[in-house]
Amino acid sequence: MTDTTIKKTFASRRGTAPLLMLGRAFAALWSSGKARIGLVILGLFVLVAIFAPLLAPYSATDNSFTRGDSGSPAHLLGTTGAGEDVLSQLLYGTRISLFVGIAAGTLATLVAVLVGLSWGYARTLVGDVINFVVNLFLVIPALPLMIVIAAYLHDGGIGMIVLVVVITGWATGARVLRSQTQTLRSRDFVTAAVFSGESSARVVFREILPNMTSLIAGSFLASAVGAILGEAGLEFLGLGDVNTVSWGTMLFWAQNSNAMLTGQWVLLFAPGLCIALLAASLALINFGVDGLSNPRLREGATR
Amino acid sequence: MSLLSVRNLLSVRDLSVGYESPGAVAVPAVKGVSFELAQGEFVGLVGESGSGKSTLGLAITRLAKAPARITGGSILFDGTDIAALSAENLRSQRRGGFAMVPQSGMNSLNPVRTVRDHFYDIFRAHGHVSVHDRLTRARELVGKVELPATVLDRYPGELSGGMRQRATIALALSLEPRLMVFDEPTTALDVLVQQAVMATIRQLQKAENFTAVLISHDLGIVLETTQRVMVMHDGAIVEDAPSRDILLRPQHEYTRMLLSHYGDPRADVVSVPGIESRAPEAGSAATASRPTRSAREGRAALETLVVDGVSKVYPRPRRGEQPVTAVNDVSFSLEPGQSMALVGASGSGKSTIAKLITGVERPTSGSIVFGDLRVDAIRRRDLKRLHREVQMVFQDPYTALNPLHSVEYILTRPVLNYSTLRGADARRRVLELLDTVGLTPVEQFAAKLPHQLSGGQRQRVVIARALASDPQVIIADEPVSMLDVSLRAGVLALLENLRQTFGVSMLYITHDLLSARLVTDQIMVLNRGSVVESGETSSVLRNPRDEYTIRLLDAVPNPGRADVA
């Protein structure tokens with residue numbers, strides 16, 4: 001074999017690997033019926049979020065319409081007490097919920113992975129310190145803490161909400177990942193990697209981490225659901241920026257204008273249903289993550 | 001009476017069993033097998049992994065579950081075709097019918113229920129023992145497998161592996177079966193315990209006169225125990241003959257191959273196919289012909305590993321118990337190019353010594369010196385230097401390779417970490433390593449993932465990884481105990497060949513004295529952490545002085561022994 005062919009096989013392998021892995025992960029998820037339903041629902045929400053300006057009949061902040069319209073051909077879901085189109089608000093609101101879910105979910109998982117893996121792998125005194133901190137975050141009631149932090153950083157907008165959700169949401173994931181790291185740490189292949197001269201960081205992130213893909217994916221989906229619900233809850237309580245258009249603020253304003261009393265139940269029902277659907281789609285995808293870290297399951301049951 | 005003894009209890013005709021999973025091609029595991037079992041007969045079923053022997057055992061007791069399915073043929077048990085029985089008929093048939101002692105019998109007890117509860121469950125399900133006779137009957141049953149009546153009040157976790165396996169056998173006996181199938185009943189047990197459990201099974205079969213089938217990969221155990229042996233290969237029975245004939249006049253090539261891998265470690269000259277026979281004086285040969293290695297240029301000279309008065313005490317496991325002394329005052333030195341065996345039953349401290357030498361654990365007292373490295377007090381940053389010279393081959397090739405990495409990745413890492421080779425040069429070195437361990441075509445094997453390899457191939461990858469740093473010492477911890485008999489010789493021959501070509505010294509940890517005799521010059525016998533006997537392998541094994549060594553030697557299954565005695 002010549003040098004050039006060796007280099008060629010090297011290059012081609014590197015280029016295709018991440019794409020291949022993504023494709024395989026998607027195929028693994030798609031092969032589970034429940035996860036497939038979840039992926040379809042999530043896909044629809046993503047499309048709505050991207051194409052909101054094209055889909056929405058009006059601007060979300062345009063309050064020039066008749067106030068309190070309960071549904072007409074011009075305003076399919078009616079208008080709010082301030083005179084905005086509900087359908088347009090609902091479509092634009094998808095963007096915020098989806099963004100908070102993905103951003104807070106990713107950040108919380110990232111913290112959980114970093115803390116959980118190093119905590120599980122290292123056998124030093126630092127472990128006791130981390131143990132104390134994690135336990136602290138686990139026993140603090142999340143909702144009051146969220147409210148306190150949100151009230152303290154008043155009107156910080158979406159970034160603030162993401163931060164609050166991450167602070168209150170990383171500890172559970174860290175503990176789960178730490179337990180799994182401790183089981184994997186004593187496997188022969190991890191010892192073998194140490195014998196191969198690998199650094200601790202490499203052992204943790206190249207040998208142990210890939211074997212926990214399904215746990216991490218599950219942890220991400222759970223954090224994302226938590227973030228979406230947390231965001232809606234904080235905004236509903238008026239602790240976010242009430243001028244942004246999101247499902248949470250829609251609920252806040254509907255409550256403020258006594259929508260139930262005026263018979264405009266759609267104002268509460270529509271964003272509520274969307275929040276439930278988005279959270280459910282992520283929960284459904286969670287059913288399919290088991291196949292992610294088992295190459296044998298991926299290849300379609302040859303044995 | 002004579003009429004009864006010739007009557008066939010079980011008659012299997014053209015039985016086929018296949019594994020059918022949705023979306024995949026059905027895999028036939030048993031292909032048109034026919035045989036008869038007479039009342040009171042003890043028959044062995046021998047084959048290597050994947051030969052279909054366990055599938056056949058499960059099929060004749062109708063325990064086979066999906067995706068396995070009986071695809072054809074009939075199983076006549078005492079005149080009834082059990083292949084076609086309904087689930088409820090089958091359940092009631094189990095009493096006075098057929099029972100099975102499963103492979104991992106020691107793990108098939110429910111950990112949260114006492115042994116007594118297990119017996120009572122069976123008595124209740126079949127109602128054949130009246131309520132006030134239950135305790136008497138349970139006591140009687142555990143007595144039959146030589147367990148004290150007190151085990152009835154114990155939980156499975158409180159019993160040793162051998163005791164659990166005996167309890168499982170007693171449970172199988174509780175339905176007074178006329179056919180018992182033992183599926184590898186002693187595989188997970190220690191050599192000495194294995195011998196005792198097999199003796200119980202033999203006595204039991206004689207006393208109760210049930211028909212028994214012993215499924216095993218170990219022809220030695222089967223020939224020692226049974227009257228007739230069926231040899232399975234690739235889903236078919238290739239030979240079916242009385243044990244004596246199998247031993248003295250094996251007809252099929254496959255049987256002959258299996259037999260050729262047995263030998264007596266006490267004999268003057270021992271050889272198995274693929275490994276050259278070692279003369280009694282072979283001890284000095286290896287050191288005399290030490291090769292020079294070009295690859296070692298610019299590296300430290302070959303060093304001796306010196307272990308001096310090393311002890312390891314683990315803190316007491318529970319309050320009120322004694323601390324565990326795993327290794328007690330062990331001293332030896334491993335010269336360059338030498339191969340030394342470390343033998344002993346499980347719990348004798350062999351693996352702990354491996355951990356101490358590789359710096360994974362630190363000794364409680366004593367010193368371990370390798371070159372200028374003090375291994376007993378090694379610092380974290382020196383570990384890499386130590387592992388460059390001292391590498392390890394693991395026992396279980398199924399857990400020693402990360403299932404997500406390709407063979408190429410697994411071998412590239414140590415090459416990058418321990419040498420200056422990069423890019424195409426590193427890749428060439430990886431392919432060269434694969435070639436050294438006999439995995440050709442190398443290009444194909446480099447791209448494979450561990451689950452696409454067989455056990456023997458995996459173990460070769462593990463060996464290649466250990467060689468990647470070009471080490472001076474290889475510690476092989478039971479490298480062949482998880483492999484089939486026919487693959488063992490190949491892996492052992494590879495290790496022996498590497499030692500001779502590269503001048504690597506080897507510490508071979510095993511409980512298998514035959515393989516120790518084949519590949520080592522020096523031997524140390526460990527019992528409860530202490531060295532009870534050491535010296536040249538051939539002389540120690542031919543003239544053992546310590547009682548423990550003699551017991552270990554007696555426990556080696558040997559097809560010829562029953563005949564010689």
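Me: Why is A:E198 called buried?
Reply: Its relative accessible area is 9%. Buried means under 20% relative accessible area, exposed over 50%, and partly exposed in between (1.4 Å probe, protein chains only). A:E198 therefore counts as buried.

Me: What kind of model is this, and how are its parts numbered?
Reply: This is a predicted model, in which local features need pLDDT of at least 70 and side-chain atom pairs count only at pLDDT 80 or more, while totals for chains, interfaces and linings use all residues. Residues are numbered from 1 along each chain as its sequence is written, chains are lettered from A and ligands numbered from 1 in the order in which they are written, and side-chain values use heavy atoms, with hydrogens and water left out.

Me: What makes A:E198 and A:R202 a salt bridge?
Reply: Their closest N and O atoms are 3.8 Å apart. A salt bridge is a side-chain nitrogen of Lys or Arg within 4 Å of a carboxyl oxygen of Asp or Glu, so the pair qualifies. The partner A:R202 is partly exposed, because its relative accessibility is 25%.

Me: How many salt bridges does the structure hold over all chains?
Reply: There are 29 over all chains. One of them joins B:E361 to B:K312, with the closest N and O atoms 3.6 Å apart.

Me: Why is that pair said to tie together parts of the chain?
Reply: B:E361 lies in the loop between α12 (350-357) and β16 (365-370) of chain B, whereas B:K312 is in strand β13 (residues 305-314) of chain B, so the bridge connects parts 49 residues apart in sequence. Helices (H or I, at least four residues) and strands (E, at least two) are DSSP runs, numbered from the N terminus. B:K312 has a relative accessible area of 10% and is therefore buried; B:E361, at 22%, is partly exposed.

Me: How do you know that B:R427 and B:E443 meet in a salt bridge?
Reply: The N to O distance is 2.9 Å. This pair links distant parts of the chain, with B:R427 in helix α15 (residues 423-436) of chain B and B:E443 in helix α16 (residues 442-446) of chain B, 16 residues apart. B:R427 counts as buried because its relative accessibility is 3%, and B:E443 counts as partly exposed because its value is 32%.

Me: What makes B:D372, B:R379, B:D382 and B:R385 one network?
Reply: They are joined by salt bridges that share partners.

Me: How many aromatic pairs are there, and why is the pair of A:F26 and A:W30 called stacked?
Reply: A search of the whole structure finds nine over all chains. The rings of A:F26 and A:W30 are 5.8 Å centre to centre, with 20° between the planes. Rings of Phe, Tyr and Trp (its six-membered ring) pair if their centres lie within 6.5 Å; planes under 30 degrees apart count as stacked, over 60 as edge-to-face and the rest as tilted. The pair therefore meets the terms for stacked. Both residues lie in helix α1 (residues 3-30) of chain A, four residues apart, about one turn of the helix. A:F26 is partly exposed at 47%, as is A:W30 at 36%.

Me: Why is the pair of A:F45 and A:W247 called edge-to-face?
Reply: The centres are 5.8 Å apart and the planes stand at 65°, so the pair is edge-to-face. A:F45 belongs to helix α2 (residues 33-50) of chain A and A:W247 to helix α11 (residues 247-256) of chain A, 202 residues apart. Both A:F45 and A:W247 are buried.

Me: How do you know that the charged end of A:K34 sits over the ring of A:F287?
Reply: The charged end is 4.4 Å from the ring centre. The term requires NZ of Lys or CZ of Arg within 6 Å of the ring centre and within 35 degrees of the ring normal. In chain B, the charged end of B:K448 sits over the ring of B:F445, 5.2 Å from its centre.

Me: Where is A:V40 found, and why is it called partly exposed?
Reply: A:V40 is in helix α2 of chain A. Its relative accessibility is 43%, so it counts as partly exposed.
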